[in-house]
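Student: Could you walk me through this structure and tell me what lies behind the terms used for it?

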Amino acid sequence: MRAIWFISQIALFGLVSSRMINVPNLDYFRYYVAGLSIMTLYSAAIFIGFDIYEEADHGVFEYLLSLPVTRRQLVLGRSIGGGLRAFIYVGPLIGVSLYVIGAISPINFLIALFSLFLFAFGVSGMSITIAVVLKSSDRFDILMGVLDALIVRLSTAMYPLAYVQEANPLYGWIAKFNPVTYVADLFRWGTGLEAIISLDNPLLPLLGIIAFFSIFTFVGIIIYERRIEGGGWQ
Amino acid sequence: MKGILYILEHDFRNFFRYKWWLVGLISMNLADLFIMAIVYNSMLSPAVKEQITNYFNFFAPGLTVTGLFASAFMIGREVNMERRREIHHYMLSLPMTRLELAVGRVLSGGLRGMVYMSPLLLTCFAILRFPTIEQFLIILAVLFLLAIGISGLSIAIAVSTSSFEKFITARGLVYYTLFFCSSVFYPLSLFQQLGQEGKLPMILVTLAEVNPLSSASNIIRSFLLDTPPFSPSMILNVLVFSSIFTFSAAFAYIEIIERT
């Protein structure tokens, strides 16, 4: 279904909206395809949280707790596993977007790929953290939907930062500190679309992604360790 | 008739059980309007700007139709779940005719869509302008027909698919084709241009033109924005879609649900 969504977004929404949009020196179609890869990666990485509820529902959680691994190893494994799984899901779709975008610089692309990995692990960590804090699949579903709407729309996944700032300075300010903006910019930089990225120095978004990954992986571990036991799952 | 009322009550109770989910869904729709549409507005090409003036205003009616579609489609998820968990045997044992059961399900799906859509429609009126009484009644009638058609479509898919994954996949395919190939997000003229240039297959251009979501969005736009001009064929498109899917859903529900 994700592949259908991705292809229809490129072939229909991307194509028609690029005809609607006019930004100087910007091929909006290629810009949008790059952003779409990030949006897809984000939504795939979020899914690990839903799996946690499924496991709690089927009693797999107790089995996992009984395994001869520390809680810390369990969380780190889940976070990295969730990120890797998202990457495997989205890998072919990123391949499609690279084909559409065209030329790439190998070194830049490897740095961008590294940041995509960290981003996917960070989003998985965030999803796990929120899932174990809420312990309610309904609340989680709602919150992730709202977060998805806000995080993706208040980023440069769909439009350049200058236009977000022009639309509303508050939106621009949020977009500037949004990890989706950082990873979208790095991906565009890595795929040779650097003429239209928002941030001058690629090191800054890379540091932002590392910070996002670290916060949600390590804070996630602490929260997971505290909340993992005692039941209360809804 | 009484049986239909019972089904309506049953489905509305289910609907309001997810009230926070609905609040979340509305806030996602509003994020589309108050973030995406505002940013896109500053990026419009001069040719499109000349045609639609303001993307925020253009998108508000499309968003109402989006909300209506998403909520009217929810009934299919419930019908599919009932089929998988074999709750439909209980439904079939209720003291009502099969026709009452089927009509009740289609009708409740449509009415739930109307209830969910109403705050979005009000927002649209508040942003653009309030229509005349006649226009308001036409808008409501068209949206109701559309909601019934969508509900029918989702029920037809739900009873024809044996697993939740298949239902979700079919829903995704229908959802994205109908939405992206319509005038919900962009004016129809862009499809026609791309079709003439050979960049988009003509079949997709025709689909966008006859798509009931395009017709419903354009009817609201024609009354509230004066563009595109109102045409009775817009109502006809929605009526044909609604008739086909209401009857096929009722038929599929009665026939397939008894077999399983």
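**From fold to contacts**

Tutor: Happily! In this predicted model, the elements of chain A run α-α-α-α-α-α-α-α-α-α along the sequence. That makes ten helices and zero strands in chain A.

Student: What makes chain A as compact as a globular protein of its length?

Tutor: Set its radius of gyration, 18 Å, against the globule rule, which gives 17 Å for 234 residues; the two are close, so chain A is as compact as a globular protein of that length. The C-alpha trace spans about 55 × 35 × 30 Å along its principal axes.

Student: Why are α9(B) and α10(B) called roughly antiparallel?

Tutor: Look at the angle: the axes of α9 (residues 188–196) and α10 (residues 202–210) of chain B cross at roughly 165° and come within 9 Å. Angles over 145 degrees count as roughly antiparallel, and therefore these two helices are roughly antiparallel to each other. The crossing of α9(B) past α10(B) is left-handed.

Student: Which residues of α9(B) and α10(B) meet?

Tutor: From α9(B) come Leu188(B), Phe191(B), Gln192(B) and Gly195(B), and they meet Met202(B), Val205(B), Ala208(B) and Glu209(B) of α10(B). By class, this contact has five nonpolar, two polar and one charged residues.

Student: How many residues of chain A are in contact with chain B?

Tutor: There are 31, and they are in contact with 32 residues of chain B. Helix α1(A) gives the largest share of chain A's side, ten residues. By class, that side has 21 nonpolar, five polar and five charged residues.

Notes
Residues numbered from 1 in each chain as written. Chains lettered and ligands numbered in written order. Predicted model: local features only at pLDDT ≥ 70, side-chain atom pairs only at ≥ 80, totals over all residues. Contact = placed C-beta atoms within 7 Å. Helix = DSSP H or I, 4+ residues; strand = E, 2+ residues; numbered from the N terminus. Nonpolar A, V, L, I, M, F, W, Y, C, P; charged D, E, K, R; others polar. Axes fitted to C-alpha atoms, helices over the stretch in contact; angles between N-to-C directions. Parallel < 35°, antiparallel > 145°, perpendicular 65-115°, else oblique. Left-handed = near helix turned anticlockwise from the far one by under 90°. Rg over C-alpha atoms; globule rule 2.2 N^0.38 Å.
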